[in-house]
Amino acid sequence: MENKVIKERTERTKWFLNDRFGMFIHWGLYAIPARGEWVKTNERITNEEYNKYFEEFDPQEYDPKEWARLAKKAGMKYAVLTAKHHDGFCLYDSQYTDFKSTNTKCKRDLVREFLEAFREEGIKVGLYFSLLDWTHEDFPHYGDKFHPMRANEAFKDKKHDFDNYLKYMHNQIRELLTNYGHLDIMWFDFSYEDMVCEKWKASELIKMVRDIQPHIIIDNRLEGSAENSGSIRTSNPTEYSGDFASPEQMIPPKGLLDENGNSIPWESCITLNNHWGYNSFDRSYKSPKMVIRALVECVSKNGNLMLNVGPDSKGRIPKESVKILEQIGEWMYDNKESIYGCGISQFDKPEWGRFTQKGNKLYAHVMEEQIGAVCLPNMAGKVEK
């Protein structure tokens with residue numbers, strides 16, 4: 001008898017495994033210093049110092065309709081925006097904090113505008129929400145693995161009411177689920193050391209999420225991380241194990257399987273350069289060819305690709321990213337049938353590239369030029385046309 005959690009997961013992820021290609025958007029105050037989304041902890045910046053970016057934030061050129069048109073042109077079927085990253089800054093009008101976009105110079109609910117623009121283009125929508133919060137006074141400071149004040153002796157004896165923090169976190173998630181209409185994905189990030197599972201009151205959190213939006217799909221990071229999939233790969237996953245695994249900056253060698261050898265839903269999230277958030281010095285952009293091959297590789301292993309862009313402080317997606325996405329879109333225009341609704345093939349990977357398959361249709365992605373004919377081994381008598 002099929003496990004209830006797995007059965008429900010299979011139903012919820014049908015659209016996800018059909019759509020295959022999504023856009024990740026990392027955007028926040030960290031776009032101003034322009035040194036990546038982890039700048040606050042990497043440089044051990046205090047709340048007081050970081051607040052100058054809050055005072056300055058005014059993305060006058062933010063046009064989510066333009067972002068949505070670009071995503072659609074690239075062939076992306078869903079998009080996920082960072083509603084709140086680890087720094088605690090909210091891109092939406094949360095009633096539980098003053099540290100939000102509606103209190104900056106722009107006075108805009110940037111999440112609401114994103115959702116409306118992408119829905120209008122027929123793109124499914126998701127929100128990223130960090131379980132960490134480096135601004136909240138009750139999130140552990142000194143001694144925490146990642147907090148900007150982890151080694152600051154001034155915080156050594158500070159007492160934290162973690163239950164109060166969890167109440168705050170759960171309330172903010174409830175806001176997103178109740179105030180912003182139908183969401184397709186809730187993307188939580190991330191667990192580490194003892195900050196995992198019931199430390200987040202994960203059972204209670206998932207019950208709330210499922211009660212409000214039962215259709216929504218969730219990643220696996222209430223229990224796992226980029227490196228650790230958690231119980232989603234077992235035959236008896238927890239209620240909060242997630243609907244899909246989320247390897248980061250890599251594509252698993254054989255896709256992701258459970259302990260019985262069955263494919264599980266998974267999505268590889270990958271940056272276009274080497275940072276998630278905007279970094280003005282990072283010009284190491286992946287070529288369209290590399291990204292297309294990564295997408296094909298993911299699909300050939302029953303996985304998805306979610307490709308990240310990091311808009312600048314004015315709200316503009318970097319022109320290098322735009323150019324790459326437009327070129328990917330040109331390829332997708334001609335070859336989308338080999339991506340959407342496709343997955344692993346019944347035939348082994350050929351030497352010259354990869355196969356994707358949809359029902360009885362086989363798509364050959366020829367990645368290496370051949371001398372003479374392209375060899376299709378073990379197919380005699382099996383190919384109709």
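**Exercise 1. Determine what covers the buried residues of helix α9, and assess how enclosed this helix is.**

Solution. The cover of the buried residues of α9 includes β1 (21-25), β6 (267-271), β7 (304-309), α10 (319-335), β8 (353-358) and β9 (361-366). The model is predicted: local features need pLDDT of at least 70, side-chain atom pairs count only at pLDDT 80 or more, and totals for chains, interfaces and linings use all residues. Residues are numbered from 1 along each chain as its sequence is written, and side-chain values use heavy atoms, with hydrogens and water left out. Helices (H or I, at least four residues) and strands (E, at least two) are DSSP runs, numbered from the N terminus.

Next, apply the burial criterion: buried means under 20% relative accessible area (1.4 Å probe, protein chains only). Because 10 of the 13 residues of α9 meet it, the helix is largely enclosed by the rest of the structure. Among them are V291, I292, L295 and V299.

**Exercise 2. Describe the packing of α5 against α10.**

Solution. First, take the geometry: α5 (residues 64-74) and α10 pack at about 40°, with axes 7 Å apart. Axes are lines fitted to C-alpha atoms over the stretch in contact, and angles run from 0 to 180 degrees between N-to-C directions.

Second, classify the angle. Angles under 35 degrees count as roughly parallel, over 145 as roughly antiparallel, 65 to 115 as roughly perpendicular and the rest as oblique; α5 and α10 are therefore oblique to each other.

Third, list the contact (heavy atoms within 4.5 Å): α5 contributes L70, K73 and A74, and α10 contributes V322, L325, E326, I328, G329 and M332.

Key:
Buried means under 20% relative accessible area, exposed over 50%, partly exposed in between (1.4 Å probe, protein chains only).
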